[in-house]
Amino acid sequence: MRIAPLIICLAAISLAAPTNFLDDAYDWTDELAEFYGKVSEYINTAKHSIRTPGACETSKVALPSYASGLTGPSGLKPKYVALGRGTQNYTCADSTSKSTPVATGAVARLYNATCIAANFPNLLANLPNLAYRISLPTNEYASFPPANLELLGHHFFFDATTPEFNLNTTPNKQDGIAMTKKEGAINAPSGAVSGKYGAVPWLYLTTTDGTVGNYKSVYRVNTAAGSAPNTCKGMPAAFEMPYAANYYFFEE
């Protein structure tokens, strides 16, 4: 994603909100107001930098400070940052309080937020708080609001223990596959948007056999919602909880 089209999109959105952009699919929340406030601020500063070569240079990408509770990507360099929007999936043995939900993986679309991460990390941190409330576009390859991010790939589970991040979206966009395993986790910070039952943890994942490309680690941070209730009381045998998060991909 080039920074100039990004800022143009953000500017158009900011000027149109809330009457044109915020149709029936959007609720005017404090988080959305904060997002557009920052958009206006960044438009003023970005107009001086969008013509600068290397404006989206990934060397400027850094994990949020709270992620210091996870193992750092020593010796690795950032490749992509993606906004993930989808569901965390669970099953219940029965619908009583004696059973607890069991996580069975996740399914999400990944949208390219690398340019935002390189230039506007505070804006990036707010995106999952908004995204989990927004339905995915009907067209799988359409951009995702509120920042018109392009599809980067898909996240799902290859098997019960292997999160997969497939960034091969079209014949002309082949950005590799990260097959991963969980190496570490920390609870989402107290200020995270909780949704109905809480925000899922932040994760540190390392790549395993089957990875295509030089990917070595993936971080799930800035999580919003996605957690299951404490018990299965009144829940169906299988259910999904909407969530959003930012994913950082590091390579050799």
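In which sense do E6 and E7 pair, and over how many bridges? E6 and E7 pair in the antiparallel sense over four bridges, where two strands count as paired if DSSP finds at least two bridges between them. The structure is a predicted model, in which local features need pLDDT of at least 70 and side-chain atom pairs count only at pLDDT 80 or more, while totals for chains, interfaces and linings use all residues. Residues are numbered from 1 along each chain as its sequence is written, and side-chain values use heavy atoms, with hydrogens and water left out.

**Overall architecture**

- The protein chain contains four helices and eight strands; helices (H or I, at least four residues) and strands (E, at least two) are DSSP runs, numbered from the N terminus.
- Read from the N terminus on, the elements follow the order α-α-β-β-α-α-β-β-β-β-β-β.
- Of the 252 residues of the protein chain, 50% count as buried; buried means under 20% relative accessible area, exposed over 50%, and partly exposed in between, with a 1.4 Å probe and protein chains only.
- About 12,100 Å² of the protein chain is exposed, and carbon and sulfur atoms supply 50% of this area; accessible areas come from the Shrake-Rupley method with a 1.4 Å probe, and for residues only the protein chains shown count as cover.
- Among contacts between residues at least 6 apart in sequence, 69% join residues at least 24 apart, a contact being heavy atoms within 4.5 Å.

**The barrel**

- Eight strands close into a barrel in the order E1-E2-E3-E4-E5-E6-E7-E8, and the pairing is antiparallel.
- From one strand to the next the twist averages 30°; axes are lines fitted to C-alpha atoms, for helices over the stretch in contact, and angles run from 0 to 180 degrees between N-to-C directions.
- E2 and E3 run antiparallel and are joined by four bridges, and Leu110 stands opposite Gly153 in E3.
- Strand E3 (residues 151-159) is joined to E4 by five bridges, again with the two running antiparallel; His154 has Asn166 in E4 as its bridge partner, and a hairpin connects E3 to E4 through two residues.
- E4 is in turn joined to E5 by five bridges in an antiparallel arrangement, with Ala178 in E5 as the bridge partner of Phe165, and here too a hairpin makes the connection through two residues.
- Strand E5 (residues 173-186) pairs with E6 in the antiparallel sense over six bridges, and Ala185 stands opposite Leu203 in E6.
- On the pairing of E6 with E7, the bridge partner of Leu205 is Val218 in E7.

**Covered strands and helix H4**

- Strand E6 (residues 202-207) is mostly covered, with six of its six residues buried; Trp202, Tyr204 and Thr206 point one way from the strand, whereas Leu203, Leu205 and Thr207 point the other way, and all are buried.
- Strand E4 (residues 162-170) is also mostly covered, since seven of its nine residues are buried.
- Helix H4 (residues 121-131) is mostly covered, with eight of its 11 residues buried, among them Leu123, Leu124, Leu127 and Leu130.
- H4 lies across E1, E7 and E8, and runs at about 165° to E8.

**Disulfides**

- Taking a disulfide as a pair of cysteine sulfur atoms within 2.5 Å, the count comes to two disulfides, which follow the pattern 1-3, 2-4 when bonded cysteines are counted along the chain.
- Cys56 and Cys115 form a disulfide with their sulfur atoms 1.6 Å apart; Cys56 lies in the loop between helix H2 (30-46) and strand E1 (77-91) and Cys115 in helix H3 (residues 114-119), so the pair ties together parts that are 59 residues apart in sequence.
- Within this pair, Cys56 counts as partly exposed at 21% relative accessibility, whereas Cys115 counts as buried at 2%.
- Cys92 is joined to Cys232 by a disulfide, S to S 2.1 Å, and this pair links distant parts of the chain, with Cys92 in the loop between E1 and strand E2 (102-112) and Cys232 in the loop between strand E7 (215-225) and strand E8 (238-251), 140 residues apart.
- The torsion about the S-S bond of Cys92 and Cys232 is about -90°, so this disulfide is left-handed.
- Cys92 is buried, with a relative accessible area of 8%, and Cys232 counts as buried at 0% relative accessibility.
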